[in-house]
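Work through the exercises below with the sequence and the coordinates open. Each task is followed by a solution in steps.

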Amino acid sequence: MPRTIKTAQITKTVAKLCAEANRSVGDDIYAALCDARRGETAPAAMMALDMILENSKAAGCEKLPICQDTGMAVVFVTIGFEVHVEGDINEAINEGVRQGYKNGYCRNSIVSDPIRRVNTGDNTPAVIYYDFKPGDKVSITVMPKGFGSENMSAVRMLIPSDGIKGAEDFIVETVRAAGSDPCPPVIVGVGIGGTMEKAALLAKQALLREVGSVHADMFWANAERRLLARLNELGIGPSGFGGRTTALGVHIMTYPTHIAGLPVAVNIGCHATRHKTAVL
């Protein structure tokens, strides 16, 4: 018999994740920021990192959002084949966002139409992605994506002859053009392959990877190391004040693609790239 999960449980979980994600930095990111501070020598960059770390601590202690831009709620849901969700899961997730953003004192940033721009008043609708795998669990990840960093993201449809050099040059160019706007030090998610929209989704999913982790494929692990070194040579630094740390990490995800294409997407995350996960 399938395991039944009621939508009320999903709503409660999403509400909790929305509030928690917006007021806490992951342990991996906090550790990377501390490492960056220890290695920094530029006075302005040291000051910026001190303020970033102090803000992170204060947000956790006071249970208030890390940043005034509490983002658009991006929700990744993985559902086990042996799970039956009782009710409308889309509405359950959006209700969780409504409750979480209200109870977590998070800013409502979503407009109902991209041109006419009337605020929905409750930060819905969320952007929801579903995946399925064997098992009887449901995994929910909430990623509040602020648009200071989202606006600096990009997709380019390269051609196969551009190769790894062309892809890496585009990634570096995108971060250089972003400058201080995405609140560095940044985390850079990269999607390579698939189609235009698949590459963009991979780039966003890459931001969920633990900072400091190494790609399982040595070819791509080496590419990540080269890119991180190049980005930290740009001199943008924490909050744009110069220094050694423009990026905390570069995470690449790939997918098979067409013989005629080489889609590359870059999704930039700020120094507080926020996400929380729960398993039901």
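The exercises concern a predicted model and cover aromatic rings, backbone geometry, one loop residue, and empty space.

**Exercise 1. Aromatic pairs**

Task: find how many aromatic pairs there are and classify each by its geometry.

Solution.
- Step 1. The count comes to two aromatic pairs.
- Step 2. One of them joins Phe76 and Tyr129, with 5.4 Å centre to centre and 20° between the planes. Planes under 30 degrees apart count as stacked, so the pair of Phe76 and Tyr129 is stacked.
- Step 3. Locate these residues in the chain. Phe76 belongs to strand S2 (residues 72–80) and Tyr129 to strand S4 (residues 127–133); they are 53 residues apart, and the pair links distant parts of the chain.
- Step 4. Assign the exposure classes. Phe76 has 9% relative accessibility and counts as buried, while Tyr129, at 32%, counts as partly exposed.
- Step 5. Phe219 and Trp220 form an aromatic pair with 4.9 Å centre to centre and 90° between the planes. Planes over 60 degrees apart count as edge-to-face, so the pair of Phe219 and Trp220 falls in that class.
- Step 6. Phe219 is partly exposed at 46% relative accessibility, and Trp220 is buried at 15%.

**Exercise 2. A charge over a ring**

Task: which ring has Lys198 over its face, and at what distance from the ring centre?

Solution.
- Step 1. The ring is that of Tyr255.
- Step 2. Lys198 lies 4.6 Å from the centre of the Tyr255 ring. The cut-off on this distance is 6 Å.

**Exercise 3. Cis peptide bonds**

Task: for the cis peptide bonds that end at Pro125 and Pro185, give the omega angle and the place in the chain.

Solution.
- Step 1. The bond between Thr124 and Pro125 is cis, with omega about 5°. Pro125 is in the loop between helix H4 (89–103) and S4.
- Step 2. The bond between Pro184 and Pro185 is also cis, with omega about 10°. Pro185 is in the loop between helix H6 (163–178) and strand S7 (186–194).

**Exercise 4. Positive phi**

Task: for Arg117 and Asn123, give phi, then decide whether each is buried or exposed.

Solution.
- Step 1. Arg117 has phi near 55°, a positive value in a residue other than glycine. For Asn123, likewise a residue other than glycine, phi is positive and near 65°.
- Step 2. Arg117 is in the loop between H4 and S4, and Asn123 lies in the loop between H4 and S4 as well.
- Step 3. The relative accessible area of Arg117 is 53%, so Arg117 is exposed. The value for Asn123 is 0%, so Asn123 is buried.

**Exercise 5. Surroundings of Thr245**

Task: where does Thr245 lie, and which residues does it touch beyond four places in sequence?

Solution.
- Step 1. Thr245 is in the loop between helix H8 (218–232) and strand S8 (247–257).
- Step 2. Its relative accessibility of 11% counts as buried because the limit is under 20%.
- Step 3. Leaving out residues up to four places away in sequence, Thr245 touches Ala36, Glu40, Pro185, Asn232, Gly237 and Pro238. Among these contacts of Thr245 is Pro185, which is joined to Pro184 by a cis peptide bond.

**Exercise 6. Cavity and pockets**

Task: describe the largest cavity, the largest pocket and the second largest pocket by volume and lining.

Solution.
- Step 1. There is one cavity of 30 Å³ or more. The largest cavity holds about 40 Å³ of space.
- Step 2. Ser24, Val25, Gly26, Asp28, Ile29, Thr273, Arg274, His275 and Lys276 line the largest cavity. By class they are two nonpolar, four polar and three charged residues.
- Step 3. The largest pocket has a volume of about 440 Å³. Its lining has 25 residues, with Cys67, Gln68, Cys183, Cys270 and His271 nearest the centre.
- Step 4. Helix H3 (43–62), strand S5 (138–145) and helix H5 (147–150) each supply at least two residues of that lining, and H3 gives the most, with four. The lining of the largest pocket divides into 12 nonpolar, nine polar and four charged residues.
- Step 5. The second largest pocket has a volume of about 340 Å³. It is lined by 21 residues, of which Gly212, Leu228, Leu248, Gly249 and Val250 lie nearest its centre.
- Step 6. Helix H2 (27–39), H8 and S8 give two or more residues each to the lining of the second largest pocket. That lining consists of nine nonpolar, seven polar and five charged residues.

How values were computed. Residues numbered from 1 in each chain as written. Predicted model: local features only at pLDDT ≥ 70, side-chain atom pairs only at ≥ 80, totals over all residues. Heavy atoms only, no water. 1 Å grid on protein atoms, 1.4 Å probe; cavity = no way out; pocket = protein on both sides within 12 Å on 5 of 7 lines; lining within 4 Å. Points joined across faces, edges and corners; volume = space filled by probe spheres on them. Nonpolar A, V, L, I, M, F, W, Y, C, P; charged D, E, K, R; others polar. Phe/Tyr/Trp six-rings, centres within 6.5 Å; stacked < 30°, edge-to-face > 60°. Buried < 20%, exposed > 50% of the residue type's maximum accessible area, 1.4 Å probe, protein only. Lys NZ or Arg CZ within 6 Å of the ring centre and 35° of its normal. Contact = heavy atoms within 4.5 Å.
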